[in-house]
Number of protein chains: 2
Amino acid sequence: MADAHDNRRRQILDSALALADEHGLHAVSMRALASRLGVTPMALYPHIGGKEGLLDGLVDRLLAELIPASVAPGDPQTRLFGIARAARTLARSHPSAYPLLLSRPAVAPDAVRVVDAMYSVLLDVGVPPEQVPRVERLVSTFVLGYATSEVNGRFRAGTLNPMTRRGQLSPEELPAHTALAGVLEPAPDFDAEFEADLADLLFMIKQRWA
Amino acid sequence: MADAHDNRRRQILDSALALADEHGLHAVSMRALASRLGVTPMALYPHIGGKEGLLDGLVDRLLAELIPASVAPGDPQTRLFGIARAARTLARSHPSAYPLLLSRPAVAPDAVRVVDAMYSVLLDVGVPPEQVPRVERLVSTFVLGYATSEVNGRFRAGTLNPMTRRGQLSPEELPAHTALAGVLEPAPDFDAEFEADLADLLFMIKQRWA
DNA sequence: ACCTGAACACCGTTCAAGT
DNA sequence: ACCTGAACACCGTTCAAGT
């Protein structure tokens, strides 16, 4: 069912994603994209419908890359970890475009397939049907938020390093930081941390309903 | 210790936030901001150091509004819910600027105070010290991600409504959606959902360590 | 149906100049 | 120290015109 128009649209979105990967999201302008495709800016409009439509298309383009992980077989725990790890890996492949995933709804069929896979995992693990949509939003929000925080530098040293921090405020003003002085790491292992977080969330789900 | 320069800086950031609240983040341009302050764009540079510095300043400005909730007394559970609710309420007050919280690190003293309050809650609730920074990132990532998803429309009907969804794909391709046909709500109560999510996270923390 | 090219109303940031 | 004003190299989108 993919006609010429759809193919052209995908071609444009691929170019836009490449542009973002190479030069950052700020470099994805209608003009730069058109010039990369050897065309006039206005030639893009029938296919992607303006800048907002382009960014929406990029979200669908990104989520489509999670399909393989979503259809992979295995027990519920394996599938949950597989989808979550794929979602975080995606952030490393496309760090500039990734934050768009939290900034607009995903409406394409491929996006719905990923949600369906998560619903299926949660049903299989024993979450009551009426709670499944809520728990899916909880887990997907955590996963997207974590990966977004990483690529955007929200966890980086400035906020994390107790030395930098404590320079600005007296220890009495930061009692918990002071109490934790011995364990505050300047550069945590985020791979291990993400795994521990997923394990905690799965623990919660199982304790509550399994 | 607040000199004239700091006061001017805060005045500029207040104006930028008001501009975002009234006309959206896209309307926060150096030129529009300068014009609102009756000054030339270049006059802003010594105070906020360009567009990126302005956005970083906005993040600190937003987090400063969480200080009252952070210093409020009470048992750990009350304080955790208080900070989390304040963080979500902040999104409703400043929906356009809010997503910046996930997009850049917070470095100002006020931001560190909020983290310290969360550390204190987690220590009081029984989380082992070496796990506190990780669990703080887990909880804060969920809270910021959830509120960001809400204001950005990631949870909105297009993605959620099973009718809209199922129109694009056959039921056989979405087995879990089909199984959940009776419980998929077109417009969930996000206030109640957020409360339930917080309760689940606190349940997890207590079950694991209390 | 699809694309062009000129035009309009904007951007962020530089630089040299003023006080 | 703080601000101005002109200039440079960009934006997204409109419109009328071409094929």
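**Close-up views of salt bridges, aromatic pairs and DNA contacts**

**View 1. Glu22(A) and Arg36(A) form a salt bridge in which the nearest N and O atoms lie 2.6 Å apart.** Glu22(A) belongs to helix 1 (residues 4-23) of chain A and Arg36(A) to helix 2 of chain A, so the pair ties together parts that are 14 residues apart in sequence. The model is predicted, and local features need pLDDT of at least 70, while side-chain atom pairs count only at pLDDT 80 or more and totals for chains, interfaces and linings use all residues. Residues are numbered from 1 along each chain as its sequence is written, chains are lettered from A and ligands numbered from 1 in the order in which they are written, and side-chain values use heavy atoms, without hydrogens or water. A salt bridge here is a side-chain nitrogen of Lys or Arg within 4 Å of a carboxyl oxygen of Asp or Glu. Helices are DSSP runs (H or I, at least four residues) numbered from the N terminus. Glu22(A) is partly exposed at 48% relative accessibility, and Arg36(A) is also partly exposed, at 37%. Buried means under 20% relative accessible area, exposed over 50% and partly exposed in between (1.4 Å probe, protein chains only). Over all chains, the search of the whole structure gives 34 salt bridges.

**View 2. Asp200(A) and Arg208(B) form a salt bridge, with 2.4 Å between the closest N and O atoms.** This pair crosses between chains, running from Asp200(A) in helix 12 (residues 190-209) of chain A to Arg208(B) in helix 12 of chain B. Asp200(A) has 2% relative accessibility and counts as buried, whereas Arg208(B), at 34%, counts as partly exposed. Arg208(B) also lies over the face of Phe203(A), 4.4 Å from the ring centre. In the other direction, Arg208(A) lies over the face of Phe203(B), at 4.4 Å from the ring centre. A charge is taken to sit over a ring if NZ of Lys or CZ of Arg is within 6 Å of the ring centre and within 35 degrees of the ring normal.

**View 3. Arg104(B) and Asp56(B) form a salt bridge, their closest N and O atoms being 2.7 Å apart.** Distant parts of the chain are linked by this pair: Arg104(B) is in the loop between helix 6 (76-93) and helix 7 (109-125) of chain B, Asp56(B) is in helix 4 of chain B, and the two are 48 residues apart. Arg104(B) is buried, with a relative accessible area of 11%. Asp56(B) is partly exposed, with a relative accessible area of 31%. In chain A, salt bridges that share partners join Arg88(A), Arg92(A), Glu150(A) and Asp191(A) into one network.

**View 4. Ten aromatic pairs are found over all chains in a search of the whole structure.** In one of them, the ring centres of Tyr146(A) and Phe155(A) are 5.1 Å apart and the planes stand at 55°, so the pair is tilted. Both Tyr146(A) and Phe155(A) are buried. In chain B, the rings of Phe155(B) and Phe190(B) have centres 5.7 Å apart and planes at 25°, so this pair is stacked. The stacked pair links distant parts of the chain, with Phe155(B) in the loop between helix 8 (132-152) and helix 9 (157-160) of chain B and Phe190(B) in helix 12 (residues 190-209) of chain B, 35 residues apart. Phe155(B) and Phe190(B) are both buried. Phe142(A), Tyr146(A), Phe155(A), Phe190(A) and Phe194(A) make up one aromatic cluster. Rings of Phe, Tyr and Trp (its six-membered ring) pair if their centres lie within 6.5 Å; planes under 30 degrees apart count as stacked, over 60 as edge-to-face and the rest as tilted.

**View 5. DNA strand C is surrounded by 15 residues, the closest being Thr40(A), Met30(B), Arg31(B), Met42(B) and Tyr45(B).** A residue is near a strand if one of its heavy atoms lies within 4 Å of it. Sugar or phosphate accounts for 54% of the strand C atoms within 4 Å of the protein, and bases for the rest. Phosphate oxygens of DNA strand C lie 2.7 Å from a backbone N or O atom of Thr40(A), 2.9 Å from a backbone N or O atom of Met30(B) and 2.7 Å from a polar side-chain atom of Tyr45(B). Helix 2 (30-36) and helix 4 (50-64) of chain B are the elements that give two or more residues to the surface near strand C.

**View 6. DNA strand D has 14 residues around it, of which Met30(A), Arg31(A), Met42(A), Tyr45(A) and Thr40(B) come nearest.** Of the strand D atoms within 4 Å of the protein, 51% belong to sugar or phosphate and the rest to bases. A side-chain N or O atom of Ser29(A) is 3.0 Å from a phosphate oxygen of DNA strand D, and a backbone N or O atom of Met30(A) is 2.9 Å from a phosphate oxygen of DNA strand D. An N or O atom in the side chain of Arg31(A) is 2.5 Å from a base nitrogen of DNA strand D. The elements giving two or more residues to the surface near strand D are helix 2 (30-36) and helix 4 (50-64) of chain A.

How values were computed. A polar contact is a pair of N or O atoms within 3.5 Å; within protein, one must be able to donate a hydrogen and the other to accept it, and residues adjacent in sequence count only if both atoms are side-chain atoms.
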